[in-house]
Amino acid sequence: MTATALFGDAEQEVLAEILTAHRGMEGALLPILHAVQHAFGHVPADALPIIAKDQDITRAEAHGVMTFYHDFRDHPAGRRVLKICRAEACQAMGADALADHARAALGVDWHETTPDGAITLEPVFCLGLCACGPAAMVDGKLVGRADVAKLDKIIAGEAA
Amino acid sequence: MKIYVPLDSAAVALGADDIAAAITAQGADVTVVRNGSRGMVWLEPLVEVEVDGVRHGFGPMDVSDVPELFGDLTAHPKALGPVEDLPWMAGQTRLTFARCGIIDPLSLDDYRAHSGLAGLERALGMDGAAIVAEVTDSGLRGRGGAGFPTGIKWNTVALAQADQKYIVCNADEGDSATFADRMIMEGDPFTLIEGMIIAGIATGATKGYVYLRSEYPVAIRVMNDAVRIAREAGVLGASVMGKGPAFDMEIRVGAGAYVCGEETSLLNSLEGKRGVVRAKPPLPALEGFLGKPTVVNNVISLATVPVIFERGAAFYRDFGLGRSRGTIPLQIAGNVKHGGLYEIAFGLPLGEIVDTIAGGTASGRPVKAVQVGGPLGAYFPRALFDTPFGYEEFAGKEGLIGHAGLTVFDDAQDMLKMARFAMEFCAIESCGKCTPCRIGAVRGVETMDRIAAGDAAAIPLLTDLCDTMKEGSLCALGGFTPYPVMSALTHFPDDFATAKEAAE
């Protein structure tokens with residue numbers, strides 16, 4: 001594998017370390033993909049053939065696994081990721097209206113990033129906060145009883 | 001002074017971390033314990049102060065309420081009194097959740113002091129067959145939703161001949177309105193570990209995996225810490241507790257696919273494959289993880305095993321109703337006044353749970369429907385509120401208890417919209433292996449849109465489609481999506497008729 005502009009020697013070295021750390025693990029592919037995404041912010045296309053070779057699977061298989069799961073991205077997200085729960089318990093507490101507000105305020109639809117690269121909006125189906133909905137998550141930080149005021153603070157870049 | 005501030009996700013989502021920091025910042029001689037949740041989510045963050053051995057509750061706490069914790073506690077604006085005396089706590093039978101919210105989740109000493117490892121100690125004195133018999137006698141059934149007798153599943157794995165067997169814990173709790181798995185993993189993780197070890201000894205499995213969804217960052221952290229602590233203490237390892245067989249375990253993180261809560265799809269995912277459903281047979285009990293005999297049990301099933309061994313099968317079996325034995329952690333969610341986790345013996349009528357325990361809706365409007373069992377569960381109208389909470393009782397009313405989550409909706413909810421959402425969700429989350437689910441769900445959304453536009457002829461088509469999905473799907477995702485759809489159509493025909501009238 002030759003280095004490319006986006007996936008150079010430094011990146012290949014990081015990937016090699018990840019693969020070494022997972023050697024001998026039963027069913028290592030998901031932990032590897034999580035580690036790669038943690039390191040690079042997404043799963044770079046150039047990483048997949050290297051992972052496939054290491055795991056002794058075809059490139060098609062590696063691609064199939066990576067694209068099956070909602071968590072894995074093929075391109076970087078915005079600087080922050082806002083996830084809003086769309087599941088039933090949150091809907092019962094007005095999650096749909098809250099999501100509409102977020103989409104309008106950010107000017108993006110689900111899975112999209114604002115043009116300035118600040119925020120990516122993602123749906124999530126259940127954060128297990130079903131008795132204090134609507135629920136949201138900003139960069140891994142959980143938000144319960146979310147409302148327009150809390151959301152506006154998040155969008156403005158303040159702590160919820 | 002000892003103050004408890006929950007580390008539970010729900011408490012954290014409502015500001016518990018800030019409150020813990022504010023308490024520490026007071027600089028007083030205070031020990032802050034980050035406990036699990038008591039399950040009274042409407043009171044979270046619920047802070048407890050220990051006074052003369054009695055824990056007094058304060059909630060829902062705000063950072064501005066912190067300074068007064070250091071003054072006259074009886075005059076505190078958020079004072080609730082002794083937590084154990086609150087009606088929500090006093091009314092429960094906490095067996096699986098006996099320690100949750102009480103102990104420091106990561107203190108093995110605390111765990112032992114509250115009867116932890118007593119079940120395992122007893123199991124270590126029994127042979128595999130006797131352990132399996134004890135679980136069978138307890139009447140424990142799969143708490144993930146399918147309700148399959150746990151003892152029978154363990155027996156199949158125990159009798160299978162193989163060089164390696166596995167215990168896999170299904171912690172992919174993706175159903176909306178369910179958070180019991182999350183709460184126990186965050187609040188009493190050693191219970192799950194102990195249950196998995198007992199399952200390992202019973203079946204001859206030496207390796208365990210917890211497949212934990214990525215949407216639960218707190219549970220992932222707590223479980224990883226708990227496994228490390230248990231390993232360091234020799235509870236896990238080459239010889240369980242220094243006298244038993246080998247058993248060790250790992251936490252594996254899912255990647256956001258709902259279908260991976262289905263056991264065969266979960267196994268594929270754990271193997272590093274796409275989370276596609278496998279046809280059964282072969283049963284996972286015979287050919288599971290990496291083709292080896294595997295017990296796949298839900299978190300609550302495994303976390304209930306220790307108390308069964310501590311108190312005895314008969315003690316557990318004596319709670320319940322009909323073929324639903326023992327207790328069930330009800331998860332009350334959605335538009336409710338008092339939401340949270342309430343563990344009680346099977347058999348309580350649905351109406352009592354919704355109207356009395358939950359106290360009706362948060363909005364104050366009348367309850368219109370309750371979805372029981374998550375996204376694949378039926379919507380129950382008030383007319384069915386006399387249904388007792390049990391596996392067969394709900395099946396008899398064209399519903400299911402699933403993982404015992406209840407989502408309450410008020411009268412403003414449009415049930416046609418909820419039926420459409422069920423199909424949309426199935427279309428998004430279908431693994432794609434079988435046609436009734438993959439294509440059926442997409443056609444279901446289209447058919448629902450025709451109904452919403454006033455096309456009454458689409459209603460029989462929807463019914464027919466639901467029959468096909470129910471009978472022809474490989475797993476519960478396609479097979480059970482008709483439950484919310486058909487129950488909405490059957491019990492709330494006005495919501496479907498209004499669309500028709502509007503079009504005319």
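This passage describes the chain A–chain B interface, the domains of chain A, and helix packing and one buried residue in chain B. The model is predicted; local features need pLDDT of at least 70, side-chain atom pairs count only at pLDDT 80 or more, and totals for chains, interfaces and linings use all residues. Residues are numbered from 1 along each chain as its sequence is written, with chains lettered from A and ligands numbered from 1 in the order in which they are written.

At the interface, 34 residues of chain A are in contact with 45 residues of chain B. Contact requires C-beta atoms, placed from the backbone, to lie within 7 Å. On the chain A side, two or more residues each come from helix 2 (29-40), helix 4 (59-68), helix 5 (88-91) and strand 4 (141-143). Helices (H or I, at least four residues) and strands (E, at least two) are DSSP runs, numbered from the N terminus. Helix 2 of chain A gives the most, with 4 residues. The chain A side comprises 23 nonpolar, 7 polar and 4 charged residues. Here Ala, Val, Leu, Ile, Met, Phe, Trp, Tyr, Cys and Pro count as nonpolar, Asp, Glu, Lys and Arg as charged, and the others, Gly among them, as polar.

Chain A is divided into domain 1 (9-68) and domain 2 (80-155), with bounds from an automatic or database domain assignment. Their C-alpha centres lie 30 Å apart.

In chain B, helix 7 (residues 150-159) packs against two helices. Its axis and that of helix 6 (residues 128-138) of chain B come within 7 Å and cross at roughly 160 degrees. Axes are lines fitted to C-alpha atoms, for helices over the stretch in contact, and angles run from 0 to 180 degrees between N-to-C directions. Helix 6 of chain B is therefore roughly antiparallel to helix 7 of chain B (over 145 degrees; under 35 is roughly parallel, 65 to 115 roughly perpendicular, the rest oblique). The residues of this contact divide into 5 nonpolar, 5 polar and no charged. The axes of helix 7 and helix 9 (residues 189-203) of chain B come within 8 Å and cross at roughly 45 degrees, so these two helices are oblique to each other. Trp154(B), Val157(B) and Ala158(B) meet Ala199(B), Ala202(B) and Thr203(B).

Ile308(B) lies in helix 12 (residues 299-311) of chain B. Ile308(B) is buried, with 28 C-beta neighbours inside 10 Å (buried means 20 or more, exposed 12 or fewer, partly exposed in between). Beyond four places in sequence, its contacts include Gly119(B), Glu134(B) and Tyr316(B).

Note on methods:
Contact = placed C-beta atoms within 7 Å.
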